[in-house]
Amino acid sequence: MGMEGLKQLLERLPGWGAYRRREMRREIDRRLREELAREVERLRQRLTQIQQDLLQQGGLLWMDDLEAVQQKFHLFIDKLRSAADGYRPLLDLETVDEAQLQRLWEFDQALARRVADLAPLLEALANAQKPQALREAIAALRQGLQQLVDILEGRENLVRHPQARPSRMSTSCC
């Protein structure tokens, strides 16, 4: 049986169309997360530039705080790139249902919205002149990154425990 014959056989199988739709949604989900990871990496590089500018202006005092934010960026990017997509093999009896894929999509949309919120936080940091403004800008950036990590952890919990009731965090993020 050639490839064309296999395709015809698959088309006749009950549930094949639904499986293909789920696979397409998974692929879109995967691509969205990879695009988000690239955008967050670009923002992390902007933070590196801000750190260098601040250091040249004598801002050595802020380097530990900014390094902690850098580490949070790295952590989030690594988690996002390695996030599970809810994939189950074709013949696995415990398949991911449409409702779970919809919840994963909602988590990813929440991530996209929150990633977009990081750029103004970085610019506020870049424009901060006084120590209090720097402190507040660093805290806001750290909080924004923590929100991203929390959303991603809620998403991972959904993948690991699809039958569990959504947590308060997961329902409030999406």
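# A guided tour of a six-helix model

From the N terminus on, the elements of the protein follow the order α-α-α-α-α-α. The model is a predicted one, and its secondary structure comes to six helices and zero strands. With the whole chain displayed, note that buried residues make up 37% of the 174 residues. The accessible surface comes to about 10,600 Å², and carbon and sulfur atoms account for 53% of that area. Among contacts between residues at least 6 apart in sequence, 81% join residues at least 24 apart.

**Stop 1: helix α4**

Select residues 98–127, which form α4. The end C-alpha atoms of this helix are 45 Å apart, which agrees with the 44 Å that its 30 residues should span at 1.5 Å a residue. Colour the buried residues of α4 next: Q100, L101, R103, L104, F107, D108, A110, L111, V115, L118, L122 and L125. Charged residues are included in this list, among them R103 and D108. D108 returns at the last stop.

**Stop 2: helix α3 and the loop before it**

Move to α3, residues 63–81. This helix has 19 residues and reaches 27 Å from its first C-alpha to its last, close to the 27 Å expected at 1.5 Å a residue. Its buried residues are M63, L66, V69, Q70, K72, F73, F76, I77 and L80.

Now step back to G59, in the loop between α2 (16–56) and α3. Is G59 buried or exposed? Its relative accessibility is 6%, so G59 counts as buried. Select P131 as well: 72 residues separate G59 and P131 along the chain, yet their C-alpha atoms are 9.5 Å apart.

**Stop 3: the nonpolar core**

In soluble globular proteins, nonpolar side chains tend to be buried together. Here the largest nonpolar core has 38 residues, and those with the most contacts inside it are L47, L66, F73, F76, L111, L125 and L141. Which elements give two or more residues to this core? They are α2, α3, α4 and α5 (131–160). The largest share, 11 residues, comes from α5.

Centre the view on L47. Leaving aside residues up to four places away in sequence, L47 touches L66, V69, Q70, F73, L122, L125 and L141. Of these partners, L66, V69, Q70 and F73 are buried residues of α3, while L122 and L125 are buried residues of α4.

**Stop 4: salt bridges along α2**

A search of the whole structure finds 14 salt bridges. Three of them can be visited along α2.

- Select E27 and R31, whose closest N and O atoms are 3.0 Å apart in a salt bridge. The two residues are four apart in helix α2, so about one helical turn separates them. E27 is partly exposed, with a relative accessible area of 30%, whereas R31 counts as exposed at 56%.
- Select E39 and R42, whose side chains meet in a salt bridge at 2.6 Å, N to O. These residues are three apart in α2, and therefore about one helical turn separates them. R42 is partly exposed at 44% relative accessible area, and E39 is partly exposed at 27%.
- Select E41 and R44, which also form a salt bridge, at 2.6 Å from N to O. Both lie in α2, three residues apart, about one turn of the helix. E41 and R44 are both buried.

**Stop 5: a salt-bridge network**

Finally, select R33, D108, R155, E156 and R160, which are linked in a network of salt bridges. D108 is the buried α4 residue met at the first stop.

Definitions and conventions. Residues are numbered from 1 along each chain as its sequence is written. This is a predicted model: local features need pLDDT of at least 70, side-chain atom pairs count only at pLDDT 80 or more; totals for chains, interfaces and linings use all residues. Side-chain values use heavy atoms; hydrogens and water are left out. Buried means under 20% relative accessible area, exposed over 50%, partly exposed in between (1.4 Å probe, protein chains only). The expected span of a helix is 1.5 Å times one less than its number of residues. A nonpolar core is a set of buried Ala, Val, Leu, Ile, Met, Phe, Trp, Tyr and Cys residues joined through side-chain atoms within 4.5 Å. Contact means heavy atoms within 4.5 Å. Accessible areas come from the Shrake-Rupley method with a 1.4 Å probe; for residues, only the protein chains shown count as cover. A salt bridge is a side-chain nitrogen of Lys or Arg within 4 Å of a carboxyl oxygen of Asp or Glu.
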